[in-house]
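Trainee: Could you walk me through reading a fold from its coordinates? I'd like the general idea each time, and then the case in hand.

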Amino acid sequence: MSVQERKARERAERERLIVATARELAEQQGWDAVTTRRLAERIEYSQPVLYSHFRGKREIIGAVALEGATDLAVAVRTAASAADSPRERVAALARAYLDFAAHNPAVYDALFQLDGGLAYAQEDTPKPLKDAFAALLESLGEVAGDGIEPGLFTETFWASLHGIATLTRARRLPPEYTEQRVELLVDRLAML
């Protein structure tokens, strides 16, 4: 291995460490606790090293969001693939989405609430974000119904899930009715 290859590998490892540490700190204490000073202390590198990877907190949030999008896509696909019928796939997808949001609140915020400098629903949208949407579209597109564009249906279903996730987390909706909300959403929106 050349010196250049070793340095590139070390740089990638440092970047993964920064992102993992930011994610962990945000999940434990919230995004306000994630500062370059605290990250530098935790990973035992100087702040200039952090800035050689990310221009600031906004880019770190974006990196956590991209990692989270990959995790969300895996969770949704795994849940949907274990179901037998289209209805079961859609319900499993909805549950997996809501579980992800509930168990990864800081990552969910990085994805959908905070400014990580990422483009959504555009030509230059990063691949992990496109893939997370594709994971939803794979199951939801088949139940959109005649004459309904699958992407538009997926956006609407996703917006409903996002509303349930954020309103439940903010304690605006009682969590004990989440399953009934999922059933209602699947029954009313999915053309099964």
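Mentor: We'll go from the whole chain to helices, then helix pairs, then single residues. Keep in mind that this is a predicted model.

Trainee: Fine. How many helices and strands does the chain have?

Mentor: The count is 9 helices and 0 strands, so along the sequence you simply read α-α-α-α-α-α-α-α-α. The C-alpha trace spans about 55 × 40 × 30 Å along its principal axes. Of the 192 residues, 40% are buried.

Trainee: And what share of the contacts join residues at least 24 apart?

Mentor: Take the contacts between residues at least 6 apart in sequence: 62% of them join residues at least 24 apart.

Trainee: Now a single helix. What span should α1 have at 1.5 Å a residue, and what does the model give?

Mentor: Helix α1 covers residues 3-29, and its 27 residues should span 39 Å; the end C-alpha atoms are 38 Å apart, so the two agree. Just after α1 comes G30, with a positive phi of about 95°.

Trainee: Which residues of α1 are buried, and what do they pack against?

Mentor: First the general idea: an α-helix has 3.6 residues a turn, so residues three or four places apart point the same way. In α1 the buried set is R14, I18, V19, T21, A22, R23, L25 and A26. Their packing partners are α2 (36-43), α3 (47-53), α4 and α6.

Trainee: How does α5 read by the same approach?

Mentor: Helix α5 runs over residues 86-103, 18 residues in total, and reaches 25 Å between its first and last C-alpha, close to the expected 26 Å. Its buried residues are R89, V90, A91, A92, L93, A94, A96, Y97, L98, F100 and A101. The cover over them includes α4 (57-81), α6 (105-112), α7 (127-140), α8 and α9.

Trainee: On to pairs, then. What describes two packed helices?

Mentor: The angle between their axes and the distance between the axes. Try α4 and α5: they pack at about 145°, with axes 8 Å apart, and α4 passes α5 in a right-handed crossing.

Trainee: Which residues meet there?

Mentor: From α4 you have G68, D71, L72, A75, V76, A79 and A80, and from α5 R89, A92, L93, A96, Y97 and F100. By class, that contact has 10 nonpolar, 1 polar and 2 charged residues.

Trainee: And α4 with α6: what are the angle and the axis distance?

Mentor: About 110°, again with the axes 8 Å apart. The two helices are therefore roughly perpendicular to each other. On the α4 side are I61, V64, A65, G68, A69 and L72, which meet V107, A110, L111 and F112 of α6. This contact has 9 nonpolar residues, 1 polar and no charged ones. Notice G68 and L72: they turn up in the contact with α5 and in the contact with α6.

Trainee: One more pair. At what angle do α8 and α9 pack?

Mentor: Helix α8 (residues 150-169) and helix α9 (residues 178-189) pack at about 165°, and their axes are 12 Å apart. That is why they count as roughly antiparallel. The crossing of α8 past α9 is right-handed. Here F153, F157, S160, L161, I164 and T168 of α8 meet T178, R181, L185, V186 and L189 of α9. The class count is 7 nonpolar, 3 polar and 1 charged.

Trainee: Let's finish with single residues. Is D109 buried or exposed?

Mentor: D109 sits in helix α6, and its relative accessibility is 15%, so it counts as buried. Setting aside neighbours within four places in sequence, D109 is in contact with W31, L114 and R169. W31 is 78 residues away in sequence, yet the C-alpha to C-alpha distance is 8.8 Å.

Trainee: And which residues have a positive phi without being glycine?

Mentor: Among them are A121, with a phi of about 55°, and R171, at about 65°. A121 is in the loop between α6 and α7, while R171 is in the loop between α8 and α9. For exposure, A121 has a relative accessible area of 79% and R171 has 73%. Both values are over 50%, so both residues count as exposed.

Conventions
Residues are numbered from 1 along each chain as its sequence is written. This is a predicted model: local features need pLDDT of at least 70, side-chain atom pairs count only at pLDDT 80 or more; totals for chains, interfaces and linings use all residues. Side-chain values use heavy atoms; hydrogens and water are left out. Axes are lines fitted to C-alpha atoms, for helices over the stretch in contact, and angles run from 0 to 180 degrees between N-to-C directions. Helices (H or I, at least four residues) and strands (E, at least two) are DSSP runs, numbered from the N terminus. Angles under 35 degrees count as roughly parallel, over 145 as roughly antiparallel, 65 to 115 as roughly perpendicular and the rest as oblique. A crossing is left-handed if the near helix is turned anticlockwise from the far one by less than a right angle, and right-handed if clockwise. Contact means heavy atoms within 4.5 Å. Ala, Val, Leu, Ile, Met, Phe, Trp, Tyr, Cys and Pro count as nonpolar, Asp, Glu, Lys and Arg as charged, and the others, Gly among them, as polar. The expected span of a helix is 1.5 Å times one less than its number of residues. Buried means under 20% relative accessible area, exposed over 50%, partly exposed in between (1.4 Å probe, protein chains only).
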